[in-house]
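Student: I should like to learn how to read the features of a structure that is new to me. May we go through them in turn?

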Amino acid sequence: MIEARGLTKKYGATVAVRDLTFDVMPGRVTGFLGPNGAGKTTTMRLTLGLDSPSAGRVRVGGRPYRGMRRPLFDVGAMLESAAIHPGRSARGHLLALAQSNGIPHRRVDDVLGLTGLDSVARVRVGVFSLGMTQRLGIAAAMLGDPAVLLLDEPVNGLDPEGVAWIRQLLRSLAAEGRTVFVSSHLMTEMAQTADHLIVIGRGQLIADTSTEEFVRQGSAGYIQVRSPDDRFAQLLRQHGATVTVGDDGTLAVTGMIIATVGELAAHHGIVLHELVAKRASLEEAFMELTKNAIDYQPRVADPEKRA
Amino acid sequence: MTVSTSATRPAPARPSLRRPDKFRPLFLDLAHSEWIKLWTVRSTYWTLLVTALGVVAAGAALSGAYAKHYQGLSAAAKAAFDPAAYSLSGFFIGQLAIGTLGVVIITSEYTTGSIRTTLAAAPQRGMVLAAKATVFSVIAAVIGIVSSFCAFFLGQTLLANKGLETHIGAPGALRSVIGTGLYLAVVGLLALGLGALIRRTAGAIAVFVGLLLVVPVFFQALPAASQSAITKFLPSDAGQALIGRTKFAPSSSLLSPWVGFAVFCAYTAVVLIVAFIALSRRDS
C-alpha cells in the first residue's frame with residue numbers, strides 16, 4: 001500500500017502539491033485523477049523518492065522509498081514515457097534495469113512477451129510509436145513482479161486495443177492482490193478501470209472515494225430547456241427552480257421535475273424549442289469538481305495578468 | 001511488500017522470481033548495470049574509437065613530422081626533446097573524446113529523462129554515481145593505456161628513422177606510457193563529475209573544455225616570471241606532468257610526475273564529491 005501524509009511539494013514559489021493525505025490500498029485499482037498540472041506526476045515522483053517533499057511524507061509498504069534496496073521487487077513504476085534512452089534497444093533498456101536490481105535476465109524475455117514486444121526487442125526505442133513506448137514502460141514496471149505498481153498516464157497515446165489491454169491487465173494485477181495506482185486526466189477512462197478514485201486539483205485533494213460513489217454523485221441530472229422567450233428563466237425561478245443560463249441561451253434547470261417545467265410553459269403560453277432531461281456526463285462532473293482547481297484556465301481578456 | 005498485500009486476497013504467486021540473497025553486493029549489480037548501459041548505445045563505441053585514434057594517429061603524425069623536420073631545429077630544442085612524451089602527444093586529441101563520453105554518459109540520462117528510471121530502480125544515488133564512475137574509469141584506463149602503448153611504439157618506430165627513438169625500458173618511458181592512459185581515465189572522471197553536476201551536455205562540455213584547454217592558454221598572458229608558479233598547479237599541467245614534457249603543458253617547471261598527477265586527482269575528487277552531494281540532495 002501507499003500512504004501519503006500531509007505531502008507538500010514546493011518548487012520555488014509554486015506549490016505543486018499541498019497537504020495531500022491518502023492511502024492506496026492493495027487488491028484494487030486506484031485511479032489518480034486530476035487535470036493536467038494538478039500535481040499527479042509530482043506526487044508520483046515524491047512517492048518514488050525522485051523529489052524530496054517540502055513537508056509531510058509518503059511511504060510505500062510502510063517504508064520511505066529512498067531507504068529501499070532493490071526496490072523493483074516491491075514497486076514497479078512507469079514514469080512519463082520519455083524516461084528511456086532513445087538510442088538503446090528495448091531489450092538493452094530492460095536488461096540494464098533488471099541487472100541493477102539483480103533480477104535474472106530471463107525475466108526480461110518474460111516481460112517482453114507479456115507486453116507483446118518480443119518482435120521489436122532489438123529495435124531502438126527512439127523509433128518506437130507512443131503505444132510501443134507505453135508497453136515498454138509497463139514491461140519495465142513488471143520486471144520485479146512487484147506488489148505495488150505506479151503507472152503515470154499509461155493509456156496516453158494507446159489505440160483502443162491497447163487501452164482495452166491495459167484495462168484488463170490492471171484489473172488482473174489488482175485481482176492478484178497487488179496495489180495498482182494509475183494516474184490519468186481522463187475521467188471516463190478511469191471510471192471504467194478504477195475501483196477507487198483519488199481526485200486532485202491544483203495540488204490539493206478533492207475526493208477520495210469509490211468510483212461507484214463518485215459516479216453516483218457526479219451524475220446528478222438537470223433539465224435542459226430552450227425557449228425563444230427570455231422571460232422563462234425568471235418564471236422558473238419564481239416557481240422555485242434553480243436556473244443557469246448558458247452562453248447560447250439554453251437553460252439548465254434543477255430543483256424541479258421535467259413535467260412541472262412543461263406545464264409551467266404551457267400555462268403561461270411560452271414556446272419551447274427543447275425540453276430534455278440531462279444527466280451530466282462523468283467528464284462534466286469531473287470538470288465541475290475541478291473547475292476551481294485548474295491552474296491554467298483559458299482566459300480571453302486580462303492581458304496584464306498574463307504578462 | 002508481500003506483508004502489505006491484503007489479507008483477504010492471496011498474495012501473487014511468484015514461483016520463478018526471487019530477490020537476490022541480501023549479502024549479494026548491490027554495488028556489483030549496479031556496476032554491471034552501468035556496464036550494460038554503456039555498451040548498449042552507439043555513442044560509446046564512437047567516442048572510444050575517436051579516443052584511441054586520437055592518441056595513436058595524432059601521436060604518430062607528430063612523431064613522423066618531428067623526425068622529418070629534425071635537421072632544422074635549434075640545439076636547445078633538440079636538447080629538450082623527450083621522445084617518449086612526444087610520441088604520446090595524441091593524448092591532447094584523445095582527452096576531448098574521452099571527456100565527451102564522460103560528460104554524455106551522465107548528461108544523456110538527464111536529457112532523455114532516463115535518470116528517473118535509474119534512480120527509481122536504485123535509490124542509493126551515491127552508489128549509482130560510484131558504479132558509473134568505476135565502470136567508466138576502468139574502460140577509459142584500458143582504452144587509454146592500450147592506445148598509448150600503440151602510440152609509443154609507432155612513434156618510436158617513426159623517430160628511429162633519425163635515430164631519435166627511446167625504448168620502453170628507458171628511465172621514465174614506461175611511466176609516460178601508462179601515465180597517458182591514467183591521465184585519460186582521470187580526465188574522463190573529471191568530465192563525468194562535471195556532467196553530474198551541470199546535468200546539461202553543452203554546459204558540461206563547455207566547462208570541461210574551458211578548464212582543460214582554455215584556462216592554460218589564458219594564464220600564458222601572465223608575465224613569464226610568475227607564470228609557471230601558477231600554471232603548474234592548473235589541472236591540465238598538473239595531470240600532464242605524469243606524461244612528461246610536451247608542447248601542451250606550458251609550465252616551464254612542471255610538478256614532479258606523481259605529485260602533479262595527485263594534484264590532478266585531487267581536483268577530480270573535489271568535483272566528484274560536490275557532484276555526489278548535489279545528486280543526493282537535488283530533485284531529479
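Tutor: Let us begin with a definition: a salt bridge is a side-chain nitrogen of Lys or Arg within 4 Å of a carboxyl oxygen of Asp or Glu. In this predicted model, local features need pLDDT of at least 70 and side-chain atom pairs count only at pLDDT 80 or more, while totals for chains, interfaces and linings use all residues; side-chain values use heavy atoms, with hydrogens and water left out. Residues are numbered from 1 along each chain as its sequence is written, and chains are lettered from A and ligands numbered from 1 in the order in which they are written.

Student: With which residue does Asp109(A) form a salt bridge?

Tutor: Its partner is Arg91(A), and the closest N and O atoms of the pair are 2.6 Å apart. Helices (H or I, at least four residues) and strands (E, at least two) are DSSP runs, numbered from the N terminus. Asp109(A) belongs to helix H3 of chain A and Arg91(A) to helix H2 of chain A, so this pair ties together parts that are 18 residues apart in sequence. Over all chains, the rule gives 19 salt bridges.

Student: How many salt bridges does the rule find across the interface of chain A and chain B?

Tutor: The rule finds 3 there. Asp74(A) forms a salt bridge with Arg19(B), with 2.9 Å between the closest N and O atoms.

Student: How many residues does each chain bring to the contact?

Tutor: Contact means heavy atoms within 4.5 Å. Chain A contributes 58 residues and chain B contributes 45 residues. Buried area is the accessible area (1.4 Å probe) that two parts lose on being put together, summed over both. For chain A and chain B, this is about 4200 Å², 54% of it on carbon and sulfur atoms.

Student: Which helices and strands of chain A each supply at least two residues of the side that touches chain B?

Tutor: They are strand E1 (2–11), helix H2 (90–100), helix H3 (106–114) and helix H5 (160–175) of chain A. The largest share, 7 residues, comes from H2(A). For residue classes, Ala, Val, Leu, Ile, Met, Phe, Trp, Tyr, Cys and Pro count as nonpolar, Asp, Glu, Lys and Arg as charged, and the others, Gly among them, as polar. The side of chain A that touches chain B has 27 nonpolar, 15 polar and 16 charged residues.

Student: How many cavities of 30 Å³ or more does the rule count?

Tutor: On a 1 Å grid over the protein atoms alone, a cavity is a set of points where a 1.4 Å probe fits but cannot get out; lining residues have an atom within 4 Å of a point. Grid points are joined across faces, edges and corners, and a volume is the space filled by probe spheres set on the points. The count is 3 cavities, and the largest holds about 190 Å³ of space. Its lining has 18 residues, of which Ala77(A), Met78(A), Leu79(A), Ala140(A) and Thr117(B) are the closest to its centre. H4(A) gives the most to this lining, with 4 residues. The lining of the largest cavity divides into 12 nonpolar, 5 polar and 1 charged.

Student: How many helices and how many strands are there in chain B?

Tutor: Chain B has 12 helices and 0 strands. Its C-alpha trace spans about 90 × 40 × 30 Å along its principal axes.

Conventions
On a 1 Å grid over the protein atoms alone, a cavity is a set of points where a 1.4 Å probe fits but cannot get out, and a pocket is an open set with protein on both sides within 12 Å along at least five of seven lines; lining residues have an atom within 4 Å of a point.
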